[in-house]
Amino acid sequence: MCVMGDTMKDLYILGIESSCDETSVSIVKNGTEEIATVISSQIDVHKDYGGVVPEIASRHHVKNITMVLEECLERAKMTMDDVDAIAITYGPGLIGSLLVGLEAAKTLSFVYQKPLIPVHHIAGHIYANSLVKEMKFPLLAVVVSGGHTEMIEMKDHYQFQKIGGTLDDAIGECYDKVARVMDLEYPGGPKVDHLSVEGEDTYSLPVPLNDDSYNFSFSGLKSAVINLVHNEEQRGNEIRKADLACSFQKVAVSSIIRKVKKAVQEKQIKYLVLAGGVAANKGLRKAMEDLAEELNVDITIPPMKYCTDNATMIAAAGYFAYLDGRRADLTLNSKSQDTLQ
Ligand code: KG4
Ligand code: ZN
């Protein structure tokens, strides 16, 4: 850590995120204060395909990365000389997409002689919360995204202990498949969430993995919705989409909440954070807040802009990774899958 006399020098971390379909660069001061962020989203590009097409995503990252970097520095009114270190999402994600960000980060690190900090994408989602409020421990991070559904216990900064996770599909993936069978446009998760408010819980759906573990399961619930829609179509019945969205959301959210409650009680958790793209879900946000109140624990839920993929969270995590002594050299490679540790 940079120390000058007794005063600690401010650390400006430049974060780069390109693991899926967002090209993003951000500069964050001391892991808590966003200086500038630029996000170039490819949602419109992939909409026509009903999901992210990896090869197209990589090509767009290549096209955008330099512009996004330059615009971020411009907005921050900084140059690379003002940056103390570069934090990069090395994984998990789409390998071609990850490599574009990684090569940019390595080039900057080499040319400007700045330390390179490897950041796991999920650590980024968790540390989105440090941009909101100081993180306190023992903490339980509830990670809900397109690729992950996990509970991670943290006894201190950058100490990750996965205590449970999905046995099959991630919750975001389940939301997107349910949306697709209901003919809602990609990305479907937010549309199901939105629609659920207008409906009533009238469809009966199976409660997933109603057991004593800390694990989740979403494939059975997903299949149940798909079968229900197909059966109704075969009978010539119209689906009440808002009602189905409402019933689905109720089961999906309560299956998360039940396990979070168990973990908070059994692990003497004092502080809850919600993380990942599905943290934008209004039903889940409300249910988590209610649970925190019921159990009398502190909670942070990131604002919408920090829920979906962005480099602000990577730069924030990068700061704490830096303090933890984590560094990479130019042999760092991208990983499509990797355990958070
Ligand atoms: O974290 P993220 O941007 O990408 C991954 O790292 O996976 O999460 C994207 C996922 C998608 O599955 C998207 O449908 C879901 O988050 N999502 C939502 C909502 N907003 C985004 N799911 C349910 N309700 C929402 N409001
Ligand atoms: Zn993500």
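## The zinc site

Along the sequence, the residues that donate to the zinc ion (ligand 2) follow the spacing H-x3-H-x183-D. Since H125 sits in helix α4 (residues 121-127) and D309 in the loop between α10 (304-307) and α11 (311-323), this pair ties together parts that are 184 residues apart in sequence. Please keep in mind as you read that this is a predicted model.

Which atoms coordinate the zinc ion (ligand 2)? They are NE2 of H121, NE2 of H125 and OD of D309, at 2.0 to 2.1 Å. Are H125 and D309 buried or exposed? Both H125 and D309 are buried.

## Strands β6 and β7 and the helix between them

Strand β7 covers residues 116-120, and five of its five residues are buried. In a regular strand, side chains alternate between the two faces of the sheet. You can follow that pattern here: L116, P118 and H120 point one way from β7, while I117 and V119 point the other way, and all are buried.

How do β6 and β7 run relative to each other, parallel or antiparallel? Strand β6 (residues 85-91) and β7 are parallel, and five bridges join them. Within this pairing, G91 is found opposite H120 of β7. Together with α3, the two strands β6 and β7 form a β-α-β unit that is right-handed.

## A nonpolar patch on the surface

Helix α3 spans residues 95-112 and includes Y112. With a relative accessibility of 37%, Y112 counts as partly exposed, because buried would require a value under 20% and exposed one over 50%.

Y112 also belongs to a nonpolar patch on the surface, in the company of F110, V111 and L330. Together these residues offer about 400 Å² of accessible area.

## Backbone details worth a look

Most peptide bonds are trans, and most residues other than glycine have a negative phi. Here are some places in the model to check against that background. The bond between G91 and P92 is cis, with omega about -10°, and P92 is located in the loop between β6 and α3. Another cis peptide bond runs from Y186 to P187, where omega is near -10°. P187 is placed in the loop between α5 (171-181) and α6 (188-196).

The loop between α5 and α6 also holds D183, which is not a glycine but has a positive phi of about 60°. D183 counts as exposed, because its relative accessibility is 65%. Q268 is not a glycine either, and its phi is positive at about 50°. This residue, Q268, lies in the loop between α8 (241-266) and β11 (271-275). At a relative accessibility of 54%, Q268 counts as exposed.

## Salt bridges

How many salt bridges does the model have? The count comes to 23. One of the pairs is K9 with D84, whose closest N and O atoms are 2.7 Å apart. K9 lies in the loop between β2 (7-8) and β3 (12-17) and D84 in the loop between α2 (54-76) and β6, so the pair ties together parts that are 75 residues apart in sequence. K9 is partly exposed at 30% relative accessibility, whereas D84 is buried at 16%.

E185 and K47 also meet through their side chains in a salt bridge, at 3.8 Å from N to O. This pair links distant parts of the chain, with E185 in the loop between α5 and α6 and K47 in helix α1 (residues 43-47), 138 residues apart. E185 is partly exposed, with a relative accessible area of 44%, and K47 is partly exposed as well, with 27%.

A further salt bridge brings together the side chains of E150 and K162, at 3.9 Å from N to O. Here the partners are 12 residues apart, E150 in strand β9 (residues 149-154) and K162 in strand β10 (residues 161-165). Which of these counts as buried and which as partly exposed? E150 is buried, with a relative accessible area of 12%, while K162 is partly exposed at 47% relative accessibility. Finally, D10, K29 and E33 are joined into one network by salt bridges that share partners.

Note on methods
Residues numbered from 1 in each chain as written. Chains lettered and ligands numbered in written order. Predicted model: local features only at pLDDT ≥ 70, side-chain atom pairs only at ≥ 80, totals over all residues. Heavy atoms only, no water. Patch = residues over 30% accessible without salt bridge, like charges linked within 9 Å, V, L, I, M, F, W, Y side chains within 5 Å. Areas by Shrake-Rupley, 256 points an atom, 1.4 Å probe, with all protein chains shown as cover. Salt bridge = Lys/Arg side-chain N within 4 Å of Asp/Glu carboxyl O. Helix = DSSP H or I, 4+ residues; strand = E, 2+ residues; numbered from the N terminus. Buried < 20%, exposed > 50% of the residue type's maximum accessible area, 1.4 Å probe, protein only. Pairing = 2+ DSSP bridges. Right-handed = clockwise from strand over helix to strand, strands pointing away. Donors = N, O, S within 2.8 Å, 3.2 Å for Na, K, Ca; no water.
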